Amino acid sequence: MSAATQTPDERLRARREYTGPVFLREGFRPLFQCAAAWAALAVPLWACIWTGMMSYRSAFEPLLWHVHEMIFGFIAAAVGGFLLTAVPNWTGRLPVRGLPLAALALVWAAGRVAVWFSADIGAEAAAIVDLSYLGGLALLIAREIVAGRNWRNAPVLALLTLLVAANGLFHLAAMGIAETGGVAIRLSIGVMCVLLALIGGRIVPSFTRNWLVKRGGPEVAPPMGDFDRITLILTAASLLLWIAEGDGIAVGLPLLLAGVLNLIRLMRWRGWATFAEPLVTVLHLGYLWLAVGLLLLGASAAGLGVAPSIALHVLTAGAMATMILAVMTRATLGHTGRDLQAGPATVAIYGLVTLSVIGRVAFALVPETTLLWLTAASWSGAFALFVAVYLPLVVRAPK
């Protein structure tokens with residue numbers, strides 16, 4: 001049948017059919033794997049750099065490289081996989097897939113190589129390559145939100161745009177144009193914390209409610225009531241103050257309040273009733289790390305004796321990495337037609353990343369090289385195991 005003789009419904013179905021590689025069918029398939037593979041590799045590389053075992057050809061100072069690659073390498077790939085998979089559900093439009101998705105993943109990978117060799121190719125060239133991934137992702141999300149008139153999720157686009165700006169500040173520091181490294185770190189981590197509170201505040205209670213309803217469990221607070229809105233506003237405001245000012249009692253106190261409010265918010269979702277299913281419980285664990293991290297960041301900013309590195313690693317390696325693994329495992333199982341149950345390997349993934357957070361906090365208190373390597377091994381083990389278990393699922397068609 002020719003296109004001219006097809007009915008509108010038949011033409012719509014034809015547009016929706018996808019005959020390309022399964023691996024490029026949805027955004028989570030390549031980008032979650034990119035995120036996990038880079039997370040597994042980048043931390044041992046950083047440990048080698050920190051201990052002097054290897055040098056690298058980057059215009060970035062070692063600490064800036066480490067933070068940059070965790071945020072704009074690992075986390076940015078995971079965020080892209082999540083958004084490109086979620087946005088079609090938000091807008092009702094077709095997903096980005098096939099060659100455009102492959103191009104986006106390749107641009108992300110090129111950014112990792114460009115930043116690593118930025119001293120050779122030039123910091124300016126590295127910036128252009130690296131900024132292309134998040135910039136392209138932001139344009140894609142903007143197109144979908146505008147075309148689908150999905151204004152409810154415009155704040156997600158705004159936060160993504162701020163991440164692009166934060167990445168630009170990292171590159172300005174690498175090029176020696178401005179002393180923007182500190183604000184770049186705070187802006188990128190602050191934006192991710194707000195994004196985590198926003199998206200996590202939707203999915204944690206929703207998935208928890210769905211699981212408990214099937215088992216006659218207790219009622220869970222709705223995802224976005226007045227208390228949640230107040231918590232989000234105060235969390236964003238306290239982090240904005242931290243980004244702008246850094247330290248001080250006037251910064252620390254709002255962060256402490258934000259931590260308390262997020263802890264209360266989490267308790268209203270009754271995570272203790274989900275211990276029978278780690279796939280749900282781990283979402284609560286990720287959000288718990290966020291609340292604890294905000295409390296520690298507030299204590300650090302207020303000069304209460306908490307090292308900044310402890311607070312920042314609880315927020316990044318704890319809240320962000322745990323929530324990313326929780327979403328990556330759940331989304332991969334659900335979108336490939338598997339049961340939403342965490343098997344032994346998935347539980348091991350959660351356990352290893354939790355050990356890595358505890359180890360990193362311990363290393364900040366007792367900086368022994370052996371502890372650093374054990375922490376790196378736990379972290380890399382979690383993400384390498386994710387690739388080993390979940391890569392075979394995303395290269396095959398859904399059940």
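**Exercise 1. The setting of R270**

Classify R270 as buried, partly exposed or exposed from its relative accessible area of 32%, and then state where R270 lies.

*Solution.* The cut-offs come first: buried means under 20% relative accessible area, exposed means over 50%, and partly exposed covers what is in between, with a 1.4 Å probe and protein chains only. R270 has a relative accessible area of 32%, so R270 is partly exposed. The next step is the location, and R270 belongs to the loop between helix 10 and helix 11; helices here are DSSP runs of H or I with at least four residues, numbered from the N terminus. A last step concerns the backbone, where phi of R270 is near 55°, a positive value in a residue other than glycine.

Before going on, note that this is a predicted model, in which local features need pLDDT of at least 70 and side-chain atom pairs count only at pLDDT 80 or more, while totals for chains, interfaces and linings use all residues. Residues are numbered from 1 along each chain as its sequence is written, and side-chain values use heavy atoms, with hydrogens and water left out.

**Exercise 2. Two helix pairs**

Work out how helix 10 and helix 11 run relative to each other, and do the same for helix 13 and helix 14.

*Solution.* Two packed helices are described by the angle between their axes and the distance between the axes. Axes are lines fitted to C-alpha atoms, for helices over the stretch in contact, and the angles run from 0 to 180 degrees between N-to-C directions. For helix 10 (residues 249–267) and helix 11 (residues 278–301), the axes come within 7 Å and cross at roughly 160°. Angles over 145 degrees count as roughly antiparallel, under 35 as roughly parallel, 65 to 115 as roughly perpendicular, and the rest as oblique. Helix 10 and helix 11 are therefore roughly antiparallel. Their crossing is left-handed, a word used if the near helix is turned anticlockwise from the far one by less than a right angle, whereas clockwise would make it right-handed.

The second pair is treated in the same steps. Helix 13 and helix 14 have axes 8 Å apart and pack at an angle of about 160°, and they are therefore roughly antiparallel. The crossing of helix 13 and helix 14 is left-handed. As a detail from helix 14 (residues 369–394), which contains T375, one may add that T375 is buried at 10% relative accessible area. T375 and S356 are 19 residues apart in sequence, but their C-alpha atoms are 4.8 Å apart in space.

**Exercise 3. Salt bridges**

State how many salt bridges the model has, and describe where the partners R93 and E144 lie.

*Solution.* A salt bridge is a side-chain nitrogen of Lys or Arg within 4 Å of a carboxyl oxygen of Asp or Glu, and by this rule the count is 11. One of them joins R93 to E144, with the closest N and O atoms 2.8 Å apart. R93 lies in the loop between helix 3 (62–91) and helix 4 (99–116) and E144 in helix 6 (residues 123–147), so the pair ties together parts that are 51 residues apart in sequence. R93 is partly exposed at 33% relative accessibility, while E144 is buried at 4%.

Next, compare D226 and R229, whose salt bridge has its closest N and O atoms 3.3 Å apart. Both residues lie in helix 9 (residues 226–245), 3 residues apart, which is about one turn of the helix. D226 is exposed at 58%, and R229 is partly exposed at 41%.

**Exercise 4. R338 without a salt bridge**

Find where R338 lies, and identify what its side chain reaches.

*Solution.* R338 is in the loop between helix 12 (308–335) and helix 13 (344–365). R338 is buried yet has no salt bridge, and the nearest side chain of opposite charge, D339, is 8.8 Å away; in this count Lys and Arg are positive and Asp and Glu negative, with His and the chain ends not counted. The side chain of R338 does reach the backbone oxygen of T336, at 2.8 Å. This distance can be held against the rule for a polar contact, which is a pair of N or O atoms within 3.5 Å, where within protein one must be able to donate a hydrogen and the other to accept it, and residues adjacent in sequence count only if both atoms are side-chain atoms.
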